[in-house]
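Biologist: Hi, could you walk me through this model? I'd like the overall picture, then the details.

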Amino acid sequence: MAAEALSSARQSTLRTANLGLVLRTVCAAPEPLSRADVAASTGTTRATASRLADELLAAGLLDESERGAPTGPGRPGTPLVPGSSIAALGMQVDAGLLAARVVDLRGRVVGERVEDGDFVGSDPMTTLHRLRAVTTDLLAHLPDVRVVGAGLALPGIVDASAGLLLRAPNLGWSNLRPAELLHLPLTPTLGNEADLAARTVAESAPGRPGPHRDFLYLSGQIGVGGAAVLAGQVLSGTSGWAGEIGHVCVDPDGPACRCGSTGCLEQYAGRHALLSGAGLPLDAAPGELAARIERGDPAARGAVDTAARALGVALAGVINVLDIPTVVLGGHLGELADFLRPALQEHLRRRVLSAGWRPPTIDAAVALPAAGATGAALKVLGDVVADPARWLG
Ligand SMILES: [Zn+2]
């Protein structure tokens, strides 16, 4: 009997692993896959691949593509695509916006609400109640999807396992449990905004590799967040707090930062620093700054050059330590990438030891307001793709 129980347990483990393998294979493919393609890619028999696909289809984790056509006698060779009825909720609170976005397993935005605002030093209860109202309205107007989980992107350091926001300097929030103030039917997993936004570069859809897999991501918000990504995985550090490049000191004698230090990168390259350096109001759009540079405005040019110098100092340090010479700029830094790039590359050429062999490159992320919200949804869906057996039946 013991041998039979062991054999049954092994079968169950094998089935769970194979379900994950089939779903990951379909999700990673840029085009719909036939059952024969799935069998070939996963090293299983056609019959096994087909049976596993049927289980995933029944749970809504896979769909049959409408584009399929019969390929001969027997079962039509209808290609498989990730299921459109499975989705996740991503939310974001930043110093300048609130967002809620629902993304499906194909990576499509099913619905979203993004609201600009000034949440610097805001009252957590008021702000999170506003996010709850925005999210509740979004969920009430969704098409027929199964929302399997939620995530919340925050501009600070979190203890995700405890559901605790430890500190978000620009919000002025510390030691609070956002889920308790949100009171949503789905309890969100907390994450750092830049870590989650970097997922939108590493993955173009849940489980599908994006344009870069090894890169440093900078999230230009009111502050500057960051993440180092290697083989598509965010380097989280021992406690999940890695990547705080915005608080790397560029000049110890520089201006005071909301974190308590002085001369942090975000005091030169944060949105407020750039706009005030250019003589623009703090609620001006980065596009206005770009327009002024194009008109030859010296204050606007000076603010961007100051930001490029600070970015060059901070990023050269990170690249020298980590050997990740691809930089992807998001948020306002992405919008200003063309203006930052020449001076920034010059600073990196001078300061990165390996630059003569492989000069660092500077790319802009696809412009996406509240990329952290999308990343939070991608993280939830990534967990589904990694272990789909939990979502069957
Ligand atoms: Zn700081």
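**Burial and overall build**

Modeller: Happy to! Buried residues make up 49% of the 393 residues in the protein, where buried means under 20% relative accessible area, exposed over 50%, and partly exposed in between (1.4 Å probe, protein chains only). This is a predicted model, so local features need pLDDT of at least 70 and side-chain atom pairs count only at pLDDT 80 or more, while totals for chains, interfaces and linings use all residues. Residues are numbered from 1 along each chain as its sequence is written, and side-chain values use heavy atoms, with hydrogens and water left out.

Biologist: Thanks! How many helices and strands does the protein have?

Modeller: There are 13 helices and 17 strands. These are DSSP runs numbered from the N terminus, with helices being H or I of at least four residues and strands E of at least two.

Biologist: And what radius of gyration does the protein have?

Modeller: The protein has 23 Å, which agrees with the value near 21 Å for a compact globule of 393 residues. That radius is taken over C-alpha atoms, and the globule rule is 2.2 Å times the number of residues to the power 0.38. Along its principal axes, the C-alpha trace spans about 75 × 50 × 45 Å.

Biologist: What share of the contacts comes from residues 24 or more positions apart?

Modeller: Such pairs account for 62% of the contacts with a separation of 6 or more, a contact being heavy atoms within 4.5 Å.

Biologist: On to the metal. Which residues are the protein donors of the zinc ion?

Modeller: His247 donates through ND1, and Cys257, Cys259 and Cys264 through SG, lying 2.1 to 2.3 Å from the zinc ion. Donors are N, O and S atoms within 2.8 Å of the metal (3.2 Å for Na, K and Ca); water is not among the atoms, so sites may look incomplete. In sequence, the donor residues are spaced H-x9-C-x1-C-x4-C.

Biologist: Why is the arrangement around the zinc ion tetrahedral?

Modeller: Because the 4 donor atoms subtend angles of 104 to 122°. Four donors count as tetrahedral if all angles lie between 85 and 135 degrees.

Biologist: Are Cys257 and Cys259 buried or exposed?

Modeller: Cys257 is buried, with a relative accessible area of 8%, and Cys259 is buried too, at 18%.

Biologist: How many disulfides does a search of the whole structure find?

Modeller: It finds 0, counting a disulfide as a pair of cysteine sulfur atoms within 2.5 Å.

Biologist: Back to the zinc region: where is Gly246 found, and what does it touch?

Modeller: Gly246 is in the loop between β15 (233–234) and α7 (266–269). Not counting residues up to four places away in sequence, Gly246 touches Val224, Cys264, Leu265 and Glu266; Cys264 is also one of the zinc donors. Gly246 is buried, with a relative accessible area of 0%. Gly225 is 21 residues away from Gly246 in sequence but 5.5 Å away in space, C-alpha to C-alpha.

Biologist: Change of topic: what's the phi of Ala231, and what about Asp323?

Modeller: Ala231 has a positive phi of about 50° although it is not a glycine. Ala231 lies in the loop between β14 (224–230) and β15 and is exposed, with a relative accessible area of 53%. Asp323, also not a glycine, has a positive phi of about 55°. Asp323 sits in the loop between α10 (298–322) and β16 (326–330), exposed at 58%.

Note on methods:
Four donors count as tetrahedral if all angles lie between 85 and 135 degrees; four count as square planar and six as octahedral if opposite donors are over 155 degrees apart and all others between 65 and 115; anything else is irregular.
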